[in-house]
Amino acid sequence: MRIYFLHHSAVCVADDDNLLIFDHYLHKAGAGIKDGVIGRKEILAAKRVYVFVSHAHHDHFNPRIFDWTDAYVKFILDDTVPEETAPKGAVFMHRGDEFDDGHIYVREFGSTDCGGSFYVSLCGTSFFHAGDFNNWHWKDDGNIRYSRVMGKLFERELRHIKRHITHIDYAFFPVDRRMGKDHDAGADRFLEVMQPRTFIPIHFVRFEDTIEYSHKHKDKDTRVLAVHKNGERLV
């Protein structure tokens with residue numbers, strides 16, 4: 001199995017038969033994974049391709065993904081994605097929905113922003129892609145009530161996830177420095193409660209932020225990986 005950080009919140013997981021693509025929105029003609037995007041070569045190389053969209057924000061979704069119809073491609077989409085843009089056979093999900101085709105199991109969980117998050121099990125390995133699920137407290141803005149409410153919403157959904165998921169091998173979760181003070185509080189809490197085997201930052205501002213976060217948790221049970229460039233193979 002191979003895991004690549006592509007760009008922003010986009011990651012992909014590949015093995016000999018399957019390709020999982022999460023929140024891919026950048027496209028570049030003639031480019032491929034080494035450039036931080038999925039190209040035609042990667043689509044054609046897989047027996048089964050699963051494309052996930054956690055929500056319809058422009059930095060998580062681009063309708064150009066629907067051009068990937070060369071091989072077996074199953075689109076698994078949060079229901080904020082406009083249905084009229086999707087090809088026939090796309091699976092639309094919202095919080096609590098499940099999908100199982102005999103190869104892959106998917107359950108959608110909620111978010112503290114738009115859309116949802118995905119738990120995925122494939123060939124005995126489990127993944128959690130948070131989308132925009134995070135404690136978006138924005139404390140530096142000075143809105144104490146908003147920060148408090150956001151914290152409660154985050155904790156409520158985290159408890160719900162914990163009730164339904166007993167183990168995560170690979171978690172993809174935001175570490176976004178734009179929030180300023182305690183920008184990684186949501187990620188820290190997710191690590192504490194869910195204890196994934198491996199944590200991979202997404203939705204970050206600078207690659208240096210992931211290096212700092214990895215160093216912060218270097219002595220924890222969870223392996224926290226740093227990301228150094230788009231297209232990097234992490235596993």
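In this predicted model, Phe66 has a relative accessible area of 10% and is therefore buried. Phe66 forms an aromatic pair with Phe61, in which the ring centres lie 5.9 Å apart and the planes meet at 55 degrees, a tilted arrangement. Phe61 likewise counts as buried, at 9% relative accessibility.

Phe61 also belongs to the surroundings of His55. This histidine is placed in the loop between strand 4 (48–53) and strand 5 (73–78). With a relative accessible area of 0%, His55 is buried. Its side chain takes part in a polar contact of 3.2 Å with the side chain of His57, and a further polar contact, of 3.1 Å, joins the side chain of His55 to that of Asp132. When neighbours within four places in sequence are left aside, the residues in contact with His55 are His60, Phe61, Asp78, Thr80, Cys114, Gly115 and Asp132. Asp132 thus appears both in this list of contacts and as a polar partner of the His55 side chain.

The two strands that flank the His55 loop are themselves paired. Strand 4 and strand 5 run in the parallel sense and are joined over five bridges. Within this pairing, Val49 has Val73 in strand 5 as its bridge partner. In general, the strands of a sheet pair through backbone hydrogen bonds, in either a parallel or an antiparallel manner. An open sheet of six strands is found in the order 1-2-3-4-5-6, and its pairing is mixed. Strand 1 (2–7) and strand 6 (91–93) form the edges, each pairing on one side only. On average, and with direction ignored, neighbouring strands of this sheet are turned by 15 degrees against each other.

Aromatic pairing was examined across the model, and the count comes to 18 aromatic pairs. In one of them, the ring centres of Phe22 and Phe172 are 6.1 Å apart and the planes stand at 45 degrees, so this pair is classed as tilted. The pair links distant parts of the chain, since Phe22 lies in strand 3 (residues 18–22) and Phe172 in strand 11 (residues 170–174), 150 residues apart. Phe22 and Phe172 are both buried. Elsewhere, one aromatic cluster is formed by Phe128, Phe133, Phe154, Phe173, Phe190, Phe199 and Tyr213.

Charged side chains provide a further set of links. Side chains of opposite charge can pair when their charged atoms come close. The search of the whole structure finds 14 salt bridges. One of these joins the side chains of Lys47 and Asp17, with an N to O distance of 3.2 Å. Lys47 lies in the loop between helix 1 (40–45) and strand 4, whereas Asp17 lies in the loop between strand 2 (10–14) and strand 3, so the salt bridge ties together parts that are 30 residues apart in sequence. The relative accessible area of Lys47 is 57%, and this residue is therefore exposed. Asp17, at 25% relative accessibility, counts as partly exposed.

A second example is the salt bridge between the side chains of Asp188 and Lys216, at 2.6 Å from N to O. Asp188 is located in helix 3 (residues 185–194) and Lys216 in helix 4 (residues 207–216), so this pair ties together parts that are 28 residues apart in sequence. Asp188 is partly exposed, with a relative accessible area of 21%, and Lys216 is also partly exposed, with a value of 41%.

The side chains of Arg206 and Asp209 meet in a salt bridge as well, with an N to O distance of 2.7 Å. Arg206 is partly exposed, at a relative accessible area of 35%, whereas Asp209 counts as buried at 2%. Both residues belong to a network of salt bridges that links Arg177, Arg206, Asp209 and Glu212.

Beyond helix 4, Thr222 is found in the loop between that helix and strand 13 (223–224). Thr222 has a relative accessible area of 9% and is therefore buried. A polar atom of the Thr222 side chain lies 2.6 Å from the backbone oxygen of Pro196. Apart from neighbours within four places in sequence, Thr222 is in contact with Leu191, Gln195, Pro196, Arg197, Thr198, Phe199 and His217. Among these contacts, Phe199 is also a member of the aromatic cluster described above.

Technical notes
Residues are numbered from 1 along each chain as its sequence is written. This is a predicted model: local features need pLDDT of at least 70, side-chain atom pairs count only at pLDDT 80 or more; totals for chains, interfaces and linings use all residues. Side-chain values use heavy atoms; hydrogens and water are left out. Helices (H or I, at least four residues) and strands (E, at least two) are DSSP runs, numbered from the N terminus. Buried means under 20% relative accessible area, exposed over 50%, partly exposed in between (1.4 Å probe, protein chains only). A polar contact is a pair of N or O atoms within 3.5 Å; within protein, one must be able to donate a hydrogen and the other to accept it, and residues adjacent in sequence count only if both atoms are side-chain atoms. Contact means heavy atoms within 4.5 Å. Rings of Phe, Tyr and Trp (its six-membered ring) pair if their centres lie within 6.5 Å; planes under 30 degrees apart count as stacked, over 60 as edge-to-face and the rest as tilted. Two strands pair if DSSP finds at least two bridges between them. Axes are lines fitted to C-alpha atoms, for helices over the stretch in contact, and angles run from 0 to 180 degrees between N-to-C directions. A salt bridge is a side-chain nitrogen of Lys or Arg within 4 Å of a carboxyl oxygen of Asp or Glu.
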